[in-house]
Amino acid sequence: MPLPGVEQPPVIGLTGTLRLKRYNGRYELALPGYQDPVVYQNSEGIFDEAKIPDLAYVKGMCQYLDAHGELYFIEALEGGAWTPVGDVTIKPENPPIALWFAAYRGRGIGTLVMKKVIERLRSLGYAKIANSTVYKWNQASLALHQRLGFHIVRETEQDYYLELDLTQEGENMEEIRLHTSELGEKAALLRAGQRVLLSGTAYTSRDAAHKRITQQLDQGQEPPYPLDGAAIYYAGPTPAPEGLAIGSCGPTTSTRMDPYTPRFLDLGVKAMIGKGKRSAPVVEAIKRNGAVYLCAIGGAGALAAQCITACEVIAFEDLGCESVKRLELRDFPLIVGIDCTGGSILV
């Protein structure tokens with residue numbers, strides 16, 4: 001049921017491959033997601049594998065949320081079809097967001113969804129979001145709220161309660177325009193959750209290229225691009241269609257590069273662009289080198305391509321899509337995933 005007296009849009013777009021689809025009574029679609037104990041824990045505050053929700057629980061939950069706000073399923077475009085991967089209820093008090101599957105967490109989707117909640121409630125004339133509840137163990141959710149301008153108004157032993165003034169655009173909503181030539185100076189000033197529009201030069205390198213570069217370093221050879229001050233994009237772009245500098249160029253899962261990354265950071269790399277979590281040794285290397293890990297939106301490779309103005313293969317051409325390429329970026333949209341203090345939006 002929509003908010004009182006308000007027509008609920010059937011679809012709200014997020015990106016080319018993510019959208020919110022109005023709940024249509026098919027509560028059973030949420031059951032697989034709520035089988036994950038983490039989802040249940042974040043929903044009910046209880047971690048107990050013996051209490052995995054059944055269909056009756058999911059039905060009751062969806063009926064309650066649908067009766068108290070605008071309930072949407074979060075959908076991702078996969079294989080040409082829209083697939084439900086989470087849910088959100090737009091309401092002015094404690095709007096809940098759940099990402100049902102681990103593969104969709106740590107990719108900035110929660111931030112995109114909450115921004116849309118804020119935008120929708122602001123457009124409807126609400127003055128604030130009240131009593132947004134975050135369990136104290138869920139530091140990623142707390143960071144998400146705080147970077148969007150929420151403030152803690154009270155706390156209990158288990159929870160934080162946060163509010164957001166919708167009458168003002170908080171400074172945390174602003175995007176930071178940054179050039180790669182400034183990374184040496186400014187990477188250490190960025191903080192987890194900030195939005196960055198990155199321009200300048202970056203180099204694609206995935207695990208095959210990382211392995212070869214490491215071999216070159218072991219043999220005393222120069223790498224194909226200077227590591228000191230570099231921005232590395234974990235991507236394997238597709239061939240460029242006519243009229244574009246590059247094909248689809250979405251981020252690769254970053255853990256594939258983790259075995260090599262601390263050494264690269266110690267040699268001066270200042271920024272890495274990818275998706276997903278990083279290992280503890282990588283986080284420590286980010287901290288000791290004043291570097292930053294930037295998250296691109298997974299599944300939005302076509303959008304990323306629009307922000308790349310030039311692409312040139314500079315090494316390891318035999319690796320095909322995994323060859324090293326020099327890219328020129330223009331306002332490439334990113335979120336600070338891990339900052340030099342160890343602050344992180346990833347769980």
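**View 1. Strands β6, β8 and β7 form an open, antiparallel sheet of three strands, in that order.** The model shown in these views is predicted. The edges of the sheet are β6 (128-135) and β7 (151-155), each of which pairs on one side only. Neighbouring strands are turned against each other by 30° on average, direction ignored. Strand β8 spans residues 159-165 and pairs with β6 through six bridges, in the antiparallel sense. One residue pair to look for is T133 and its bridge partner in β8, Y161.

**View 2. Helix α4 packs on the sheet.** The helix runs over residues 139-147 and touches β6, β7 and β8. Its direction makes about 20° with that of β8.

**View 3. Y34 and W100 form a tilted ring pair.** Seven aromatic pairs are counted in the model. In this one, the ring centres are 6.3 Å apart and the planes stand at 55°; an angle between 30 and 60 degrees is neither stacked nor edge-to-face, so the pair counts as tilted. The two residues come from distant parts of the chain, 66 residues apart. Y34 sits in the loop between β2 (18-22) and α1 (37-44). W100 sits in the loop between β5 (97-99) and α3 (109-123). Y34 has a relative accessibility of 2% and counts as buried. W100 is buried too, with a relative accessible area of 1%. Both values fall under the 20% cut-off for buried residues.

**View 4. F73 meets W100 edge-to-face.** The centres of the two rings are 5.2 Å apart, with 80° between the planes. F73 belongs to strand β3 (residues 70-78), while W100 is in the loop between β5 and α3, so the pair ties together parts of the chain 27 residues apart in sequence. At 5% relative accessibility, F73 is also buried.

**View 5. Six aromatic residues make one cluster.** The members are Y23, Y34, Y57, F73, W100 and F101. W100 pairs with Y34 in the tilted arrangement and with F73 in the edge-to-face one.

**View 6. Arginine R154 lies over the face of Y161.** The distance to the ring centre is 3.8 Å. Y161 is also the bridge partner of T133.

**View 7. A second arginine, R278, has its charged end over the ring of Y293.** Here the distance to the ring centre is 4.9 Å.

Technical notes:
Residues are numbered from 1 along each chain as its sequence is written. This is a predicted model: local features need pLDDT of at least 70, side-chain atom pairs count only at pLDDT 80 or more; totals for chains, interfaces and linings use all residues. Side-chain values use heavy atoms; hydrogens and water are left out. Rings of Phe, Tyr and Trp (its six-membered ring) pair if their centres lie within 6.5 Å; planes under 30 degrees apart count as stacked, over 60 as edge-to-face and the rest as tilted. Helices (H or I, at least four residues) and strands (E, at least two) are DSSP runs, numbered from the N terminus. Buried means under 20% relative accessible area, exposed over 50%, partly exposed in between (1.4 Å probe, protein chains only). A charge sits over a ring if NZ of Lys or CZ of Arg is within 6 Å of the ring centre and within 35 degrees of the ring normal. Two strands pair if DSSP finds at least two bridges between them. Axes are lines fitted to C-alpha atoms, for helices over the stretch in contact, and angles run from 0 to 180 degrees between N-to-C directions. Contact means heavy atoms within 4.5 Å.
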